[in-house]
Amino acid sequence: MVAPRLVLILGDQCSPDIAALQEADRTRDIVVMAEVAEEASYVPHHVKKIAFLFSVMRHFAEDLRADGWTVEYTKLDAPENTGSIDGELLRYATKHGATEVLATEPGEFRLIERLEDMPLDVLTFEDRRFIAGHEDFETWAEGRKQLRMEYFYRDMRRKTGLLMDGDQPEGGKWNYDHDNRKPAPDGLTYDGPMRFTPDQITQEVLQFVETRFQGSFGALRPFWFATTRAQAQQHLTRWLAEALPSFGDYQDAMLSGERFLYHSITSLYIHVGLLDPLEVCQAAENAYKSGQAPLNAVEGFIRQIIGWREYMRGIYFHEGPNYTSRNILQHDRKLPSFFWDAMTDMACIRDTVEATRDEAYAHHIQRLMITGNFALLAGIDPAEVHEWYLAVYADAYEWVEAPNVIGMSQFADGGIVGSKPYISSGNYLNKMSNYCKGCAYSVKDKTGPNACPFNTLYWHFLDRHRDRFEMNPRLAQMYRTWDRMAEDRRATVLSDATLFLDRLDEGQKV
Ligand SMILES: Cc1cc2nc3c(=O)[nH]c(=O)nc-3n(C[C@H](O)[C@H](O)[C@H](O)COP(=O)(O)OP(=O)(O)OC[C@H]3O[C@@H](n4cnc5c(N)ncnc54)[C@H](O)[C@@H]3O)c2cc1C
Ligand code: SF4
(Lines give C-alpha, C1' and ligand atoms only; values in the text may rest on other atoms or scores of the structure.)
(Ligands and ions follow the chains in the order given, each with its own letter.)
Protein backbone atom coordinates (compact mmCIF):
# COMPACT_ATOMS: atom_id res chain seq x y z
CA MET A 1 0.00 0.00 0.00
CA VAL A 2 1.25 3.52 -0.81
CA ALA A 3 1.95 5.55 2.31
CA PRO A 4 -0.41 8.49 2.78
CA ARG A 5 0.85 12.03 2.62
CA LEU A 6 -0.20 14.63 5.15
CA VAL A 7 -2.03 17.65 3.79
CA LEU A 8 -1.55 20.62 6.09
CA ILE A 9 -4.43 23.11 6.26
CA LEU A 10 -3.74 26.15 8.43
CA GLY A 11 -6.48 28.20 10.08
CA ASP A 12 -6.41 30.87 7.37
CA GLN A 13 -6.42 28.31 4.56
CA CYS A 14 -10.01 27.11 4.83
CA SER A 15 -10.78 27.29 1.09
CA PRO A 16 -11.97 24.21 -0.77
CA ASP A 17 -9.61 25.14 -3.61
CA ILE A 18 -6.52 25.79 -1.48
CA ALA A 19 -3.36 24.68 -3.30
CA ALA A 20 -2.35 21.77 -1.01
CA LEU A 21 -5.79 20.19 -1.34
CA GLN A 22 -5.73 20.56 -5.09
CA GLU A 23 -2.44 18.66 -5.17
CA ALA A 24 -3.70 15.90 -2.86
CA ASP A 25 -5.59 12.68 -3.41
CA ARG A 26 -8.55 12.13 -1.13
CA THR A 27 -8.34 8.34 -1.52
CA ARG A 28 -4.77 8.32 -0.24
CA ASP A 29 -3.87 11.44 1.75
CA ILE A 30 -4.78 12.67 5.21
CA VAL A 31 -5.69 16.26 5.97
CA VAL A 32 -4.15 17.64 9.17
CA MET A 33 -5.72 20.59 10.94
CA ALA A 34 -4.62 21.64 14.40
CA GLU A 35 -5.52 24.24 16.99
CA VAL A 36 -2.18 24.79 18.68
CA ALA A 37 -1.11 26.86 21.66
CA GLU A 38 1.85 28.35 19.83
CA GLU A 39 -0.31 29.93 17.11
CA ALA A 40 -3.02 30.99 19.53
CA SER A 41 -0.62 32.80 21.85
CA TYR A 42 2.55 34.06 20.08
CA VAL A 43 0.90 37.45 20.37
CA PRO A 44 -1.97 38.05 22.83
CA HIS A 45 -4.73 37.60 20.26
CA HIS A 46 -8.20 39.03 20.77
CA VAL A 47 -10.51 36.28 22.04
CA LYS A 48 -12.98 36.87 19.19
CA LYS A 49 -10.21 36.29 16.68
CA ILE A 50 -9.28 32.98 18.33
CA ALA A 51 -12.91 31.86 18.50
CA PHE A 52 -13.50 32.90 14.88
CA LEU A 53 -10.54 30.89 13.62
CA PHE A 54 -11.31 27.77 15.66
CA SER A 55 -14.94 27.84 14.58
CA VAL A 56 -14.09 28.35 10.90
CA MET A 57 -11.56 25.49 11.12
CA ARG A 58 -14.00 23.10 12.80
CA HIS A 59 -16.72 23.88 10.24
CA PHE A 60 -14.26 23.42 7.39
CA ALA A 61 -13.04 20.09 8.77
CA GLU A 62 -16.65 18.91 8.79
CA ASP A 63 -17.10 20.02 5.17
CA LEU A 64 -13.97 18.16 4.13
CA ARG A 65 -15.10 14.97 5.85
CA ALA A 66 -18.47 15.27 4.13
CA ASP A 67 -16.57 15.66 0.89
CA GLY A 68 -14.78 12.35 1.36
CA TRP A 69 -11.49 13.47 2.95
CA THR A 70 -9.91 11.79 5.94
CA VAL A 71 -9.23 14.57 8.44
CA GLU A 72 -7.06 14.45 11.55
CA TYR A 73 -8.21 17.42 13.60
CA THR A 74 -6.55 18.35 16.89
CA LYS A 75 -8.52 20.47 19.30
CA LEU A 76 -6.54 22.80 21.51
CA ASP A 77 -7.46 20.91 24.69
CA ALA A 78 -6.71 17.43 23.32
CA PRO A 79 -4.32 15.78 25.82
CA GLU A 80 -2.05 14.53 23.02
CA ASN A 81 -1.75 18.01 21.43
CA THR A 82 1.96 18.86 21.11
CA GLY A 83 1.26 22.60 20.99
CA SER A 84 2.83 23.45 17.62
CA ILE A 85 2.14 22.89 13.92
CA ASP A 86 5.39 21.02 13.34
CA GLY A 87 4.80 18.94 16.47
CA GLU A 88 1.38 17.90 15.21
CA LEU A 89 2.69 17.04 11.75
CA LEU A 90 5.38 14.83 13.30
CA ARG A 91 2.86 13.14 15.56
CA TYR A 92 0.51 12.33 12.66
CA ALA A 93 3.45 11.30 10.45
CA THR A 94 4.41 8.67 13.03
CA LYS A 95 0.82 7.55 13.48
CA HIS A 96 0.20 7.07 9.74
CA GLY A 97 3.72 6.15 8.56
CA ALA A 98 3.85 9.29 6.41
CA THR A 99 7.08 11.02 5.36
CA GLU A 100 5.70 13.67 3.00
CA VAL A 101 3.68 16.78 3.71
CA LEU A 102 1.76 18.85 1.16
CA ALA A 103 1.44 22.44 2.36
CA THR A 104 0.24 25.78 1.05
CA GLU A 105 2.72 28.56 1.75
CA PRO A 106 1.89 30.21 5.09
CA GLY A 107 1.43 34.00 5.18
CA GLU A 108 4.19 34.54 7.69
CA PHE A 109 7.95 33.97 7.53
CA ARG A 110 7.99 32.50 11.04
CA LEU A 111 5.84 29.56 9.92
CA ILE A 112 7.48 29.24 6.53
CA GLU A 113 10.84 28.74 8.27
CA ARG A 114 9.30 26.26 10.69
CA LEU A 115 8.08 24.09 7.83
CA GLU A 116 11.41 24.34 6.05
CA ASP A 117 13.21 23.06 9.15
CA MET A 118 11.03 19.98 9.54
CA PRO A 119 12.56 16.49 9.34
CA LEU A 120 9.85 15.51 6.82
CA ASP A 121 9.65 16.13 3.07
CA VAL A 122 7.53 19.23 2.94
CA LEU A 123 6.28 20.22 -0.51
CA THR A 124 5.05 23.80 -0.30
CA PHE A 125 2.80 25.27 -2.99
CA GLU A 126 2.24 28.95 -3.51
CA ASP A 127 -1.07 30.25 -2.21
CA ARG A 128 -3.08 30.69 -5.42
CA ARG A 129 -5.87 32.65 -3.80
CA PHE A 130 -4.04 35.85 -4.68
CA ILE A 131 -4.34 37.57 -8.03
CA ALA A 132 -0.65 38.47 -8.13
CA GLY A 133 1.70 35.57 -7.49
CA HIS A 134 5.20 36.18 -6.12
CA GLU A 135 6.62 36.14 -9.62
CA ASP A 136 4.05 38.67 -10.87
CA PHE A 137 4.95 41.08 -8.08
CA GLU A 138 8.68 40.66 -8.53
CA THR A 139 8.36 41.25 -12.28
CA TRP A 140 6.35 44.39 -11.62
CA ALA A 141 8.80 45.61 -8.94
CA GLU A 142 11.94 44.95 -10.92
CA GLY A 143 13.86 48.07 -11.85
CA ARG A 144 11.33 50.44 -10.25
CA LYS A 145 12.73 53.17 -8.03
CA GLN A 146 9.49 53.38 -6.10
CA LEU A 147 6.90 50.69 -5.55
CA ARG A 148 3.75 52.80 -5.68
CA MET A 149 0.44 51.00 -5.19
CA GLU A 150 -1.35 53.05 -7.84
CA TYR A 151 0.72 51.66 -10.72
CA PHE A 152 0.55 48.12 -9.38
CA TYR A 153 -3.22 48.51 -9.13
CA ARG A 154 -3.53 49.52 -12.78
CA ASP A 155 -1.71 46.33 -13.75
CA MET A 156 -4.14 44.33 -11.62
CA ARG A 157 -7.07 46.01 -13.37
CA ARG A 158 -5.60 45.05 -16.72
CA LYS A 159 -4.86 41.53 -15.53
CA THR A 160 -8.34 40.86 -14.14
CA GLY A 161 -10.28 42.98 -16.66
CA LEU A 162 -12.23 44.45 -13.75
CA LEU A 163 -13.79 47.84 -14.61
CA MET A 164 -12.00 47.93 -17.94
CA ASP A 165 -13.39 49.30 -21.15
CA GLY A 166 -11.07 47.64 -23.63
CA ASP A 167 -7.62 48.76 -22.53
CA GLN A 168 -8.98 51.90 -20.87
CA PRO A 169 -10.34 52.26 -17.32
CA GLU A 170 -14.12 52.38 -17.03
CA GLY A 171 -15.30 56.01 -16.98
CA GLY A 172 -11.92 57.28 -18.21
CA LYS A 173 -10.15 57.43 -14.82
CA TRP A 174 -8.30 54.76 -12.87
CA ASN A 175 -9.04 56.20 -9.49
CA TYR A 176 -12.09 58.05 -8.12
CA ASP A 177 -10.71 58.69 -4.65
CA HIS A 178 -11.24 62.39 -5.10
CA ASP A 179 -15.00 61.75 -4.71
CA ASN A 180 -14.49 59.55 -1.67
CA ARG A 181 -13.60 61.95 1.09
CA LYS A 182 -16.94 63.06 2.45
CA PRO A 183 -17.27 63.62 6.19
CA ALA A 184 -19.57 61.50 8.29
CA PRO A 185 -23.19 61.40 7.04
CA ASP A 186 -26.04 62.83 9.10
CA GLY A 187 -28.15 59.69 9.07
CA LEU A 188 -26.98 56.17 8.34
CA THR A 189 -28.98 54.08 5.91
CA TYR A 190 -27.23 50.82 6.76
CA ASP A 191 -27.30 49.07 10.10
CA GLY A 192 -24.01 47.24 9.80
CA PRO A 193 -22.81 43.77 8.95
CA MET A 194 -25.02 40.71 9.04
CA ARG A 195 -24.92 39.08 12.45
CA PHE A 196 -25.18 35.32 12.79
CA THR A 197 -26.39 33.35 15.79
CA PRO A 198 -23.68 30.89 16.86
CA ASP A 199 -24.54 27.30 15.95
CA GLN A 200 -23.61 24.22 17.99
CA ILE A 201 -19.98 24.17 16.78
CA THR A 202 -19.46 27.85 17.50
CA GLN A 203 -21.17 27.56 20.90
CA GLU A 204 -18.71 24.87 21.90
CA VAL A 205 -15.79 26.98 20.72
CA LEU A 206 -17.09 29.99 22.64
CA GLN A 207 -17.44 28.04 25.86
CA PHE A 208 -13.94 26.66 25.47
CA VAL A 209 -12.32 30.02 24.61
CA GLU A 210 -14.15 31.67 27.49
CA THR A 211 -12.47 29.36 29.99
CA ARG A 212 -9.11 28.80 28.35
CA PHE A 213 -8.41 32.44 27.43
CA GLN A 214 -9.88 34.05 30.52
CA GLY A 215 -8.26 37.45 31.10
CA SER A 216 -7.17 37.82 27.46
CA PHE A 217 -7.89 41.01 25.56
CA GLY A 218 -11.32 41.58 24.04
CA ALA A 219 -15.00 40.86 24.43
CA LEU A 220 -15.92 37.37 23.30
CA ARG A 221 -19.66 37.96 23.25
CA PRO A 222 -21.82 38.83 21.51
CA PHE A 223 -20.17 36.72 18.83
CA TRP A 224 -21.80 37.23 15.44
CA PHE A 225 -19.17 36.59 12.75
CA ALA A 226 -19.98 34.31 9.84
CA THR A 227 -18.08 31.05 10.24
CA THR A 228 -19.07 29.26 7.03
CA ARG A 229 -18.80 30.15 3.38
CA ALA A 230 -22.59 30.22 2.99
CA GLN A 231 -22.94 32.75 5.80
CA ALA A 232 -20.11 34.93 4.50
CA GLN A 233 -21.78 35.00 1.08
CA GLN A 234 -25.10 35.93 2.64
CA HIS A 235 -23.41 38.82 4.43
CA LEU A 236 -21.71 39.93 1.22
CA THR A 237 -24.94 39.87 -0.80
CA ARG A 238 -26.68 42.08 1.71
CA TRP A 239 -23.73 44.47 1.96
CA LEU A 240 -23.54 44.83 -1.83
CA ALA A 241 -27.22 45.75 -2.00
CA GLU A 242 -27.46 47.99 1.06
CA ALA A 243 -24.06 49.56 1.71
CA LEU A 244 -21.84 49.45 -1.37
CA PRO A 245 -23.57 52.46 -2.98
CA SER A 246 -22.43 54.64 -0.04
CA PHE A 247 -19.08 52.92 0.56
CA GLY A 248 -17.07 55.32 -1.59
CA ASP A 249 -18.54 58.58 -0.34
CA TYR A 250 -18.02 57.81 3.34
CA GLN A 251 -14.96 55.60 3.19
CA ASP A 252 -12.90 58.04 5.27
CA ALA A 253 -15.66 59.12 7.64
CA MET A 254 -15.78 58.31 11.35
CA LEU A 255 -18.77 58.49 13.67
CA SER A 256 -18.72 57.91 17.39
CA GLY A 257 -20.63 54.73 18.22
CA GLU A 258 -20.99 53.74 14.54
CA ARG A 259 -18.40 51.04 14.32
CA PHE A 260 -18.87 49.82 10.78
CA LEU A 261 -20.44 52.66 8.79
CA TYR A 262 -20.55 51.39 5.19
CA HIS A 263 -17.43 49.22 5.40
CA SER A 264 -17.72 45.71 4.07
CA ILE A 265 -16.23 43.59 6.89
CA THR A 266 -14.91 41.27 4.23
CA SER A 267 -11.22 41.21 5.12
CA LEU A 268 -11.50 38.57 7.84
CA TYR A 269 -13.67 36.37 5.61
CA ILE A 270 -11.44 36.70 2.56
CA HIS A 271 -8.23 36.03 4.49
CA VAL A 272 -9.41 32.73 5.99
CA GLY A 273 -10.90 31.50 2.73
CA LEU A 274 -14.64 31.96 3.28
CA LEU A 275 -14.80 34.44 0.39
CA ASP A 276 -12.72 34.55 -2.76
CA PRO A 277 -11.24 38.01 -3.52
CA LEU A 278 -11.91 37.90 -7.25
CA GLU A 279 -15.45 36.65 -6.74
CA VAL A 280 -16.08 39.54 -4.31
CA CYS A 281 -14.75 42.09 -6.81
CA GLN A 282 -16.77 40.61 -9.67
CA ALA A 283 -19.91 40.83 -7.55
CA ALA A 284 -19.15 44.51 -6.88
CA GLU A 285 -18.52 45.12 -10.58
CA ASN A 286 -21.88 43.52 -11.38
CA ALA A 287 -23.55 45.91 -8.96
CA TYR A 288 -22.07 48.79 -10.99
CA LYS A 289 -23.01 47.27 -14.34
CA SER A 290 -26.60 46.74 -13.26
CA GLY A 291 -26.84 50.33 -12.02
CA GLN A 292 -27.08 49.44 -8.34
CA ALA A 293 -23.90 51.21 -7.23
CA PRO A 294 -21.98 54.23 -8.56
CA LEU A 295 -18.54 53.98 -10.12
CA ASN A 296 -16.71 55.86 -7.35
CA ALA A 297 -17.93 53.34 -4.76
CA VAL A 298 -17.24 50.26 -6.84
CA GLU A 299 -13.85 51.42 -8.09
CA GLY A 300 -12.86 52.39 -4.53
CA PHE A 301 -13.87 49.00 -3.19
CA ILE A 302 -12.21 46.99 -5.95
CA ARG A 303 -9.02 49.06 -5.51
CA GLN A 304 -8.86 48.08 -1.84
CA ILE A 305 -8.88 44.41 -2.77
CA ILE A 306 -6.97 43.97 -6.02
CA GLY A 307 -4.88 47.05 -5.27
CA TRP A 308 -4.04 47.49 -1.60
CA ARG A 309 -4.58 43.94 -0.43
CA GLU A 310 -2.48 42.38 -3.19
CA TYR A 311 0.13 45.12 -3.04
CA MET A 312 0.61 44.73 0.73
CA ARG A 313 1.20 41.04 0.34
CA GLY A 314 3.68 41.72 -2.45
CA ILE A 315 5.59 44.17 -0.26
CA TYR A 316 5.72 41.73 2.68
CA PHE A 317 7.31 38.97 0.62
CA HIS A 318 9.47 41.37 -1.41
CA GLU A 319 10.97 42.98 1.70
CA GLY A 320 11.64 39.76 3.59
CA PRO A 321 11.66 38.56 7.20
CA ASN A 322 13.32 41.60 8.78
CA TYR A 323 10.57 43.97 7.59
CA THR A 324 8.80 43.88 10.96
CA SER A 325 11.87 45.18 12.78
CA ARG A 326 12.31 48.29 10.60
CA ASN A 327 12.42 51.54 12.57
CA ILE A 328 13.84 54.23 10.34
CA LEU A 329 12.56 57.06 12.55
CA GLN A 330 14.14 55.43 15.62
CA HIS A 331 11.00 55.68 17.68
CA ASP A 332 11.33 53.95 21.03
CA ARG A 333 8.47 55.04 23.29
CA LYS A 334 6.49 52.27 24.96
CA LEU A 335 2.93 51.60 23.81
CA PRO A 336 0.63 53.42 26.26
CA SER A 337 -1.66 51.23 28.33
CA PHE A 338 -4.76 52.97 26.92
CA PHE A 339 -4.25 50.98 23.73
CA TRP A 340 -5.51 48.05 25.81
CA ASP A 341 -7.88 49.54 28.38
CA ALA A 342 -9.19 52.67 26.56
CA MET A 343 -8.53 54.73 29.69
CA THR A 344 -7.84 58.05 28.02
CA ASP A 345 -9.52 61.43 27.80
CA MET A 346 -8.95 61.51 24.04
CA ALA A 347 -12.45 60.65 22.78
CA CYS A 348 -11.30 59.51 19.34
CA ILE A 349 -8.83 57.01 20.75
CA ARG A 350 -11.21 55.86 23.45
CA ASP A 351 -13.93 55.14 20.90
CA THR A 352 -11.55 53.30 18.55
CA VAL A 353 -10.00 51.15 21.28
CA GLU A 354 -13.45 50.34 22.69
CA ALA A 355 -14.64 49.27 19.24
CA THR A 356 -11.49 47.20 18.85
CA ARG A 357 -12.02 45.56 22.23
CA ASP A 358 -15.68 44.75 21.56
CA GLU A 359 -15.59 43.80 17.88
CA ALA A 360 -11.96 42.85 17.05
CA TYR A 361 -12.58 45.42 14.32
CA ALA A 362 -11.98 49.07 13.58
CA HIS A 363 -12.31 50.46 10.11
CA HIS A 364 -9.39 51.61 8.03
CA ILE A 365 -9.45 55.28 8.82
CA GLN A 366 -9.65 54.63 12.56
CA ARG A 367 -6.65 52.30 12.32
CA LEU A 368 -4.72 54.77 10.19
CA MET A 369 -5.66 58.23 11.40
CA ILE A 370 -6.58 57.63 15.06
CA THR A 371 -4.47 54.91 16.70
CA GLY A 372 -1.82 54.79 13.96
CA ASN A 373 -1.53 58.56 13.69
CA PHE A 374 -1.22 58.91 17.46
CA ALA A 375 1.46 56.20 17.72
CA LEU A 376 3.47 57.82 14.95
CA LEU A 377 3.20 61.37 16.31
CA ALA A 378 4.06 60.21 19.82
CA GLY A 379 7.06 58.20 18.61
CA ILE A 380 5.95 54.76 19.81
CA ASP A 381 8.29 51.86 19.00
CA PRO A 382 6.90 50.44 15.72
CA ALA A 383 7.60 46.87 16.84
CA GLU A 384 5.22 47.39 19.77
CA VAL A 385 2.65 49.01 17.49
CA HIS A 386 2.96 46.07 15.09
CA GLU A 387 2.39 43.53 17.88
CA TRP A 388 -0.67 45.39 19.06
CA TYR A 389 -2.30 45.49 15.62
CA LEU A 390 -1.43 41.85 15.00
CA ALA A 391 -3.09 40.87 18.27
CA VAL A 392 -6.27 42.90 18.34
CA TYR A 393 -7.91 42.60 14.90
CA ALA A 394 -9.73 39.54 13.65
CA ASP A 395 -8.30 40.11 10.18
CA ALA A 396 -4.68 40.50 11.32
CA TYR A 397 -2.14 38.19 9.68
CA GLU A 398 1.42 39.30 9.37
CA TRP A 399 1.52 39.44 5.55
CA VAL A 400 -1.17 42.13 5.51
CA GLU A 401 -0.84 43.69 8.94
CA ALA A 402 2.91 44.38 8.87
CA PRO A 403 3.04 46.43 5.64
CA ASN A 404 0.01 48.37 6.84
CA VAL A 405 1.55 49.12 10.23
CA ILE A 406 5.30 49.22 9.66
CA GLY A 407 4.90 50.78 6.22
CA MET A 408 1.70 52.72 5.71
CA SER A 409 0.96 53.77 9.26
CA GLN A 410 4.33 54.15 11.04
CA PHE A 411 6.60 55.05 8.10
CA ALA A 412 9.12 52.75 9.77
CA ASP A 413 10.19 51.33 6.38
CA GLY A 414 11.42 54.77 5.29
CA GLY A 415 8.82 55.28 2.56
CA ILE A 416 8.49 51.99 0.71
CA VAL A 417 4.71 51.85 1.13
CA GLY A 418 3.91 55.54 1.56
CA SER A 419 5.47 58.57 -0.07
CA LYS A 420 4.83 60.56 3.10
CA PRO A 421 3.87 59.80 6.69
CA TYR A 422 0.12 59.64 7.38
CA ILE A 423 -0.11 62.27 10.08
CA SER A 424 -2.65 64.89 10.96
CA SER A 425 -3.50 67.38 13.65
CA GLY A 426 -6.91 67.45 15.32
CA ASN A 427 -8.34 69.55 12.47
CA TYR A 428 -8.59 66.65 10.06
CA LEU A 429 -10.08 64.36 12.72
CA ASN A 430 -12.65 67.01 13.55
CA LYS A 431 -13.57 67.38 9.88
CA MET A 432 -13.97 63.66 9.30
CA SER A 433 -15.66 62.67 12.58
CA ASN A 434 -17.87 63.84 15.42
CA TYR A 435 -15.46 62.72 18.14
CA CYS A 436 -14.26 66.16 19.11
CA LYS A 437 -17.72 67.28 20.25
CA GLY A 438 -17.55 64.81 23.12
CA CYS A 439 -13.88 65.17 24.01
CA ALA A 440 -12.28 66.50 27.19
CA TYR A 441 -9.72 68.25 24.98
CA SER A 442 -10.48 71.17 22.71
CA VAL A 443 -9.66 70.68 19.07
CA LYS A 444 -9.72 74.45 18.56
CA ASP A 445 -6.99 75.00 21.17
CA LYS A 446 -3.55 74.80 19.64
CA THR A 447 -1.67 75.19 22.92
CA GLY A 448 -2.42 75.10 26.63
CA PRO A 449 -3.56 72.36 29.01
CA ASN A 450 -6.80 71.78 27.10
CA ALA A 451 -5.33 71.67 23.62
CA CYS A 452 -6.01 68.57 21.56
CA PRO A 453 -2.82 66.46 21.86
CA PHE A 454 -2.83 65.80 18.12
CA ASN A 455 -2.37 69.56 17.58
CA THR A 456 0.88 69.87 19.49
CA LEU A 457 2.25 66.40 18.69
CA TYR A 458 1.80 67.08 14.98
CA TRP A 459 4.29 69.95 15.02
CA HIS A 460 6.56 68.13 17.47
CA PHE A 461 6.79 65.26 14.96
CA LEU A 462 7.56 67.54 12.00
CA ASP A 463 10.08 69.50 14.02
CA ARG A 464 12.00 66.48 15.34
CA HIS A 465 12.09 64.83 11.89
CA ARG A 466 12.85 67.99 9.95
CA ASP A 467 16.00 66.57 8.34
CA ARG A 468 14.08 63.69 6.83
CA PHE A 469 10.87 65.39 5.72
CA GLU A 470 11.67 69.02 4.98
CA MET A 471 12.47 68.25 1.36
CA ASN A 472 9.44 66.00 0.86
CA PRO A 473 7.27 67.94 -1.61
CA ARG A 474 4.11 66.74 0.11
CA LEU A 475 5.21 68.22 3.44
CA ALA A 476 7.08 71.33 2.32
CA GLN A 477 4.00 73.52 2.74
CA MET A 478 3.62 72.42 6.38
CA TYR A 479 7.23 73.36 7.12
CA ARG A 480 6.59 76.80 5.61
CA THR A 481 3.54 77.20 7.87
CA TRP A 482 5.60 76.13 10.88
CA ASP A 483 8.40 78.53 10.03
CA ARG A 484 5.97 81.42 9.68
CA MET A 485 4.73 80.98 13.23
CA ALA A 486 6.17 83.35 15.83
CA GLU A 487 9.16 81.88 17.58
CA ASP A 488 7.61 82.01 21.06
CA ARG A 489 4.50 80.28 19.76
CA ARG A 490 6.58 77.49 18.27
CA ALA A 491 8.42 77.14 21.58
CA THR A 492 5.10 76.86 23.45
CA VAL A 493 3.79 74.22 21.02
CA LEU A 494 6.93 72.15 21.47
CA SER A 495 7.02 72.47 25.24
CA ASP A 496 3.31 71.54 25.49
CA ALA A 497 3.97 68.48 23.37
CA THR A 498 6.97 67.53 25.50
CA LEU A 499 4.91 67.96 28.64
CA PHE A 500 2.24 65.66 27.21
CA LEU A 501 4.82 63.03 26.23
CA ASP A 502 6.36 63.21 29.71
CA ARG A 503 2.97 62.54 31.25
CA LEU A 504 2.53 59.64 28.88
CA ASP A 505 5.89 58.19 29.90
CA GLU A 506 5.04 58.56 33.58
CA GLY A 507 1.87 56.53 32.99
CA GLN A 508 -0.43 59.41 33.89
CA LYS A 509 -3.92 59.40 32.44
CA VAL A 510 -3.94 61.62 29.33
C1 LIG B 1 -2.44 50.50 10.88
C2 LIG B 1 -3.26 49.59 10.01
C3 LIG B 1 -3.33 48.24 10.28
C4 LIG B 1 -4.05 47.41 9.45
N5 LIG B 1 -4.07 46.07 9.72
C6 LIG B 1 -4.74 45.23 8.88
C7 LIG B 1 -4.76 43.83 9.13
O8 LIG B 1 -4.18 43.34 10.08
N9 LIG B 1 -5.45 43.03 8.27
C10 LIG B 1 -6.12 43.55 7.21
O11 LIG B 1 -6.73 42.79 6.48
N12 LIG B 1 -6.10 44.86 6.95
C13 LIG B 1 -5.44 45.72 7.76
N14 LIG B 1 -5.46 47.05 7.50
C15 LIG B 1 -6.13 47.55 6.29
C16 LIG B 1 -7.62 47.92 6.49
O17 LIG B 1 -7.75 48.79 7.57
C18 LIG B 1 -8.49 46.68 6.68
O19 LIG B 1 -8.27 45.79 5.63
C20 LIG B 1 -9.96 47.06 6.69
O21 LIG B 1 -10.22 47.99 7.70
C22 LIG B 1 -10.80 45.80 6.87
O23 LIG B 1 -12.14 46.11 7.06
P24 LIG B 1 -13.23 45.89 5.93
O25 LIG B 1 -13.22 44.46 5.50
O26 LIG B 1 -14.50 46.44 6.46
O27 LIG B 1 -12.63 46.75 4.76
P28 LIG B 1 -13.29 47.74 3.70
O29 LIG B 1 -13.02 49.13 4.12
O30 LIG B 1 -14.68 47.39 3.43
O31 LIG B 1 -12.37 47.43 2.43
C32 LIG B 1 -12.67 46.39 1.52
C33 LIG B 1 -11.58 45.38 1.40
O34 LIG B 1 -10.36 45.97 1.07
C35 LIG B 1 -9.28 45.37 1.72
N36 LIG B 1 -8.39 46.45 2.17
C37 LIG B 1 -8.72 47.73 2.38
N38 LIG B 1 -7.65 48.45 2.72
C39 LIG B 1 -6.61 47.61 2.76
C40 LIG B 1 -5.25 47.75 3.08
N41 LIG B 1 -4.72 48.93 3.42
N42 LIG B 1 -4.49 46.66 3.02
C43 LIG B 1 -4.99 45.45 2.68
N44 LIG B 1 -6.28 45.26 2.38
C45 LIG B 1 -7.08 46.33 2.41
C46 LIG B 1 -9.84 44.57 2.88
O47 LIG B 1 -9.28 43.27 2.84
C48 LIG B 1 -11.33 44.51 2.64
O49 LIG B 1 -11.69 43.21 2.29
C50 LIG B 1 -4.73 47.93 8.34
C51 LIG B 1 -4.68 49.29 8.09
C52 LIG B 1 -3.94 50.11 8.90
C53 LIG B 1 -3.87 51.56 8.60
S1 SF4 C 1 -10.11 66.95 20.38
FE2 SF4 C 1 -8.30 65.84 19.67
S3 SF4 C 1 -8.14 64.12 21.08
FE4 SF4 C 1 -10.20 64.93 21.28
S5 SF4 C 1 -11.46 63.74 19.86
FE6 SF4 C 1 -10.78 65.56 18.77
S7 SF4 C 1 -8.93 64.92 17.73
FE8 SF4 C 1 -9.32 63.38 19.30
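This is a walk through two ligand sites and a few of the residues in and around them. Please keep in mind that the model is predicted.

Let's begin with ligand 1. The space that ligand 1 takes up is the largest pocket. Its shell is made of 28 residues, and the closest of them are His263, Ser264, Thr266, His271 and Tyr361. If you sort that shell by class, you find 14 nonpolar, 10 polar and 4 charged residues.

Where do these residues come from? Four helices each supply at least two of them: helix 11 (267-272), helix 13 (295-319), helix 16 (364-378) and helix 18 (398-409). Helix 13 gives the most, with 6 residues.

Now look at the polar atoms of ligand 1. One of its oxygen atoms is 2.7 Å from an N or O atom in the side chain of threonine 266. A nitrogen atom of ligand 1 has a polar side-chain atom of asparagine 404 at 2.9 Å, and a polar side-chain atom of glutamine 304 lies 3.3 Å from a nitrogen atom of the ligand. As for how much of ligand 1 is covered, on its own it has 820 Å² of accessible area, and the protein covers 99% of that.

Threonine 266 deserves a second look. You will find threonine 266 in the loop between helix 10 (244-247) and helix 11. Is threonine 266 buried or exposed? Its relative accessible area is 5%, and because buried means under 20%, threonine 266 counts as buried. Besides facing an oxygen atom of ligand 1, the side chain of threonine 266 makes a polar contact with the side chain of serine 264, at 2.7 Å. Serine 264 and threonine 266 are both among the closest residues to ligand 1.

Next, turn to ligand 2. Around ligand 2 sit Met346, Cys348, Leu429, Tyr435, Cys436, Cys439, Tyr441, Val443, Cys452 and Phe454. By class, the shell of ligand 2 holds 10 nonpolar residues, with no polar and no charged ones. Ligand 1, by comparison, has 10 polar and 4 charged residues in its shell alongside the 14 nonpolar ones.

One last stop is histidine 460, a residue of helix 20 (residues 453-464). Histidine 460 has a relative accessibility of 15%, so it too falls under the 20% limit and counts as buried. Its side chain makes a polar contact of 2.8 Å with the side chain of arginine 464.

Notes:
Residues numbered from 1 in each chain as written. Chains lettered and ligands numbered in written order. Predicted model: local features only at pLDDT ≥ 70, side-chain atom pairs only at ≥ 80, totals over all residues. Heavy atoms only, no water. Near = heavy atom within 4 Å. Polar contact = N/O pair within 3.5 Å; in protein donor to acceptor, adjacent residues only side chain to side chain. Areas by Shrake-Rupley, 256 points an atom, 1.4 Å probe, with all protein chains shown as cover. 1 Å grid on protein atoms, 1.4 Å probe; cavity = no way out; pocket = protein on both sides within 12 Å on 5 of 7 lines; lining within 4 Å. Sits in = over half its atoms within 2 Å of the grid points. Helix = DSSP H or I, 4+ residues; strand = E, 2+ residues; numbered from the N terminus. Nonpolar A, V, L, I, M, F, W, Y, C, P; charged D, E, K, R; others polar. Buried < 20%, exposed > 50% of the residue type's maximum accessible area, 1.4 Å probe, protein only.
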